[in-house]
Every structure is written in structure tokens, then in C-alpha cells.
Amino acid sequence: MTVNAPPSITTQPSNQTVPQGQPATFSVVASGSATLTYQWQRNQVNIPGATSSSYTLPAAVFADDGAKFRVVVTNGFGNSTSNEATLTVNAPPSITTQPSNQTVPQGQPATFSVVASGSATLTYQWQRNQVNIPGATSSSYTLPAAVFADDGAKFRVVVTNGFGSITSNEATLTVNAPPSITTQPSNQTVPQGTAGNFQCRGQR
């Protein structure tokens with residue numbers, strides 16, 4: 001007696017965790033009457049050419065993190081869809097938007113920010129002239145009130161997770177300051193007919 005059986009999945013595809021840049025392979029074991037055919041899907045959309053009992057993503061990137069893979073097994077008597085398996089990609093930080101140069105009037109705040117991606121959890125450490133700024137540990141840093149002494153200072157951030165770290169480009173702060181008199185002219189007493197010499201020193 002011949003028993004015509006639709007597909008049955010005996011081993012489901014399993015979740016995969018891989019480092020960025022490495023391959024990820026999903027596989028299934030199915031039974032049923034010949035001939036079994038396979039169609040793998042990513043996020044429920046068919047993957048062209050992925051028609052065997054296993055599927056390999058050649059080089060995972062961080063954009064693949066969280067993607068879900070499943071397979072539909074078919075024969076002449078029906079079909080069966082596997083459970084979804086989730087791909088986790090462990091990726092070091094990557095900076096997608098660098099901090100930009102800032103120009104502010106003296107006394108006004110200056111804010112530097114960065115956009116980074118990578119596996120959780122990302123941590124941040126801002127630096128001024130390559131020296132850590134205490135407490136500056138978010139994706140942005142604000143200097144509350146710029147003074148002329150801050151003019152030309154350079155700010156950057158180090159982004160870190162469990163898989164590596166990356167340092168942003170440096171952004172330069174320009175502070176526009178009005179003139180300031182540092183040495184006032186002094187009173188002069190001279191004989192009649194003699195020139196008086198008055199001096200004033202300042203900075204912009």
C-alpha cells in the first residue's frame with residue numbers, strides 16, 4: 001500500500017547568532033511523500049534561489065540583525081511552513097553621522113552630537129582635546145555657556161559596545177566674542193609741550 005503524505009517538519013530551523021561579516025546558516029529536516037521542494041523566506045518574503053533544505057546568508061551585516069527566516073516545504077499532497085528563526089548579528093559600533101563644527105556667540109551653549117549603530121548596548125564618552133569630559137556619556141554633549149577660552153577647542157566621542165569601539169572625527173568650536181579691554185589706559189602727567197603716551201590693550 002502506498003501512503004501519500006503531505007510534508008511534515010521534524011526539525012525546525014533554529015535561531016542563529018553570528019559576528020558581523022560571518023555567514024549564517026538555517027536548516028530544516030522534513031519528511032513526506034516525494035518529491036519535497038523548499039522555499040526559504042526572509043520576513044515572510046521569498047528569497048530567490050533559496051530552494052534547498054538549508055539556506056546560508058553569506059556575510060551577515062548589522063542591517064540583518066533581527067531578521068526572521070522560515071521555509072515552506074511542499075509536495076504534491078500539501079505544504080508545511082516551519083517556525084521562524086531569528087538572526088542576531090553581533091556588530092561593533094559604527095558612526096553614521098559625525099559631530100559637526102559649531103560656531104556660537106560667547107555665552108551661548110554649543111551642542112555636539114553623533115549618530116551610531118551597532119549591537120546593544122552602546123556607550124559614549126566625549127572628549128575635549130582628546131581628554132575625557134567627566135559625565136559626558138550620552139550621544140550628545142552640550143557646553144552650557146561658551147567663553148572665548150573655548151575658541152578652537154576640539155570635541156570628539158568614543159562609542160563602545162561589547163564587540164569593539166570607534167572614535168568619531170573631531171569637531172571644532174568657534175566662539176564669536178566682542179572686544180574685551182585687558183589693560184586700561186592710565187593717567188599721564190607731562191610737562192607742557194611734551195607728548196603724552198596712552199596705551200590700551202584688548203582682545204577680540
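**Exercise 1. Surface and overall form**

What is the accessible surface of the protein, and what share of it belongs to carbon and sulfur atoms?

*Solution.* The accessible surface is about 11800 Å². Carbon and sulfur atoms hold 48% of it. Areas follow the Shrake-Rupley method with a 1.4 Å probe, and for residues only the protein chains shown count as cover.

The model is predicted: local features need pLDDT of at least 70, side-chain atom pairs count only at pLDDT 80 or more, and totals for chains, interfaces and linings use all residues. Residues are numbered from 1 along each chain as its sequence is written, and side-chain values use heavy atoms, with hydrogens and water left out.

Next, take the dimensions. The C-alpha trace spans about 135 × 25 × 20 Å along its principal axes. The radius of gyration is 33 Å, whereas a compact globule of 204 residues would have one near 17 Å. That radius is taken over C-alpha atoms, and the globule rule is 2.2 Å times the number of residues to the power 0.38.

Then the secondary structure. The protein has 22 strands and zero helices. Both are DSSP runs numbered from the N terminus: helices are H or I with at least four residues, strands are E with at least two.

Finally, burial. Buried residues account for 31% of the 204. Buried means under 20% relative accessible area, exposed over 50%, partly exposed in between (1.4 Å probe, protein chains only).

**Exercise 2. Two salt bridges**

Find the salt bridges and place their partners.

*Solution.* The whole structure yields two salt bridges. The criterion is a side-chain nitrogen of Lys or Arg within 4 Å of a carboxyl oxygen of Asp or Glu.

Step one: R42 pairs with D64, with the closest N and O atoms 2.8 Å apart. R42 sits in strand 5 and D64 in the loop between strand 7 and strand 8, so the bridge ties together parts 22 residues apart in sequence. R42 is partly exposed at 26%. D64 is buried at 7%.

Step two: R128 pairs with D150, with the closest N and O atoms 2.8 Å apart. This pair links R128 in strand 15 to D150 in the loop between strand 17 and strand 18, 22 residues apart. R128 is partly exposed at 26%, while D150 is buried at 8%.

**Exercise 3. A stacked pair**

Which kind of aromatic pair do F26 and F69 form?

*Solution.* There are four aromatic pairs in the structure. Rings of Phe, Tyr and Trp (its six-membered ring) pair if their centres lie within 6.5 Å; planes under 30 degrees apart count as stacked, over 60 as edge-to-face, the rest as tilted. F26 and F69 are stacked, at 4.6 Å centre to centre and 20° between the planes. F26 belongs to strand 3 and F69 to strand 8, so the pair joins parts 43 residues apart in sequence. F26 is buried at 0%. F69 is buried at 0% too. Ring pairs also link F26 and F69 with Y55 in a cluster.

**Exercise 4. Surroundings of S119**

Is S119 buried or exposed?

*Solution.* S119 is buried, at 6% relative accessible area. Its place is the loop between strand 14 and strand 15. A polar atom of the S119 side chain lies 3.0 Å from the backbone oxygen of V89. Leaving out residues up to four places away in sequence, S119 touches F62, V89, N90, A91, N161 and F163. Contact means heavy atoms within 4.5 Å.

Definitions and conventions:
A polar contact is a pair of N or O atoms within 3.5 Å; within protein, one must be able to donate a hydrogen and the other to accept it, and residues adjacent in sequence count only if both atoms are side-chain atoms.
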